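Welcome! Take a look at the sequence and the 3D view, then try the exercises below at your own pace.

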Amino acid sequence: MKIEKSVIIEIITIILAIKIFSFILAPLAWTVLKNQPADIIFLWNRWDAPHYIDIAKNGYTAVGEGRYFIVFLPLYPFLIRVVAFFIRNYEVSALLISNFASLFAGFYLYKLVKIDCSHLTALKSVFYFSIFPSSYFLIAGYTESLFLFLTIAGFYYARKGNWFTAGLMGMFGAATRITGLILIPALIYELFSQKSKSHSGYTRKNVKHALFICMTAFGFISYLVLNYAVFGDVFAFIAIQREHWFKHLAPPWEGLSGALWSIFWSEPAEKVLIGGAELVFGLFGLACIIYAVIRKLRPSYTIYMLLTWLVVASTSYWLSMPRYTLSMFPIFIVLAIIGDKRAELHYVMTIAFLLFFSFFLVLFTQGYWAF
């Protein structure tokens, strides 16, 4: 689907406007609150971002502090290393990859939504994508932008029947985040729902297309090979996730109870950021899934949202739910549909999202915990 020049300008304007706003707000907040000049690149190099930089610089290792970084998948740090080879700055490379990838993600989101909906609805989905309360991760040196670009592009090519490219995007997505594997069941369902409607039956070509989708698994398999090469154990990341990062698989209600416990028994700041925010975004994601079912959103989108939510919620405690909710991209289609139906809700969501986006962005760039 070719996008008209005027639409391209609209999409770029939406995405760049929030980025410019962010690059102005972050150093201003630092200068006022810290009473010292701001290093703009340093402001965005927070929490997990330095770990990706370390992997890009030094690779994976089985010794020292660096051994804990095996839980981070390899595609993003690999791309940082490639870009840094040309511009000689790892931190800037990470920011460039994230920001360009988010721009491509916005274009593909528009194209994907436009298949079924109006121009206005597709544009609103990009708007909500850009101002979502945790969308500052689309700027920082994190995997969110790259993963969303690959995932949304995978769905777009699947909708267009280009199954090889869809599988290729999925493969790169699964080398970026483990949740990329969720593309396999979602796109397999999409494949056979399309074939069912076209009455083509289950032919050899359908099997070939399904195998293309299953190429997605190679992205994760490459990560397992990496674990074996570094640690001699293909599942080394699971032990480190449990022992160092204190996370393991558990029913969703266990993480939910932990968030509730934090609200009632933690320190005031933790009540808001570790209890309240985790709870609100976790339930918000679930509410969007329920709405998608009721509204009869395309089933492959709903499957992707549901499985993503189950994966990120099925841990011993909920952590970074606001960030993980961002990766459930059909949420932005749901929000666009709601915003189309009720103009007042569109204004309420816009104000609320921008308010919390600004609040969390300032916390993050100041070095406070913000998911």
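Here are four short exercises, each with a worked solution.

This is a predicted model, in which local features need pLDDT of at least 70, side-chain atom pairs count only at pLDDT 80 or more, and totals for chains, interfaces and linings use all residues. Residues are numbered from 1 along each chain as its sequence is written, and side-chain values use heavy atoms, with hydrogens and water left out.

**Exercise 1.** Work out how helix 8 and helix 10 are oriented to each other.

Step 1: Find helix 8 at residues 163-174 and helix 10 at residues 204-214. Helices here are DSSP runs (H or I, at least four residues), numbered from the N terminus.

Step 2: The two pack at an angle of about 20 degrees, with their axes 7 Å apart. Axes are lines fitted to C-alpha atoms over the stretch in contact, and angles run from 0 to 180 degrees between N-to-C directions.

Step 3: Angles under 35 degrees count as roughly parallel, over 145 as roughly antiparallel, 65 to 115 as roughly perpendicular and the rest as oblique. Helix 8 and helix 10 are therefore roughly parallel.

Step 4: For the contact (heavy atoms within 4.5 Å), look at W163, F164 and G167 in helix 8, which meet H209, F212 and I213 in helix 10. By class, this contact has 4 nonpolar, 2 polar and no charged residues.

**Exercise 2.** Do the same for helix 1 and helix 18.

Step 1: Helix 1 covers residues 5-34 and helix 18 covers residues 343-366.

Step 2: Their packing angle is about 55 degrees, and their axes are 9 Å apart.

Step 3: Helix 1 and helix 18 are therefore oblique to each other.

Step 4: Among the residues that meet are F21, L25 and W30 in helix 1 and L354, F357 and L361 in helix 18. The contact has 11 nonpolar, 4 polar and 1 charged residues.

**Exercise 3.** Check the span of helix 15.

Step 1: Helix 15 has 15 residues, 299-313.

Step 2: The expected span is 1.5 Å times one less than the number of residues, so helix 15 should span 21 Å.

Step 3: The end C-alpha atoms of helix 15 are 21 Å apart, which agrees.

**Exercise 4.** Is W265 buried or exposed?

Step 1: Locate W265 in helix 13, residues 252-265.

Step 2: Buried means under 20% relative accessible area, exposed over 50%, and partly exposed in between (1.4 Å probe, protein chains only).

Step 3: At 64% relative accessibility, W265 counts as exposed. For contrast, S6 in helix 1 is partly exposed at 43%, and Y301 and W309 are among the buried residues of helix 15.

Note on methods:
Nonpolar A, V, L, I, M, F, W, Y, C, P; charged D, E, K, R; others polar.
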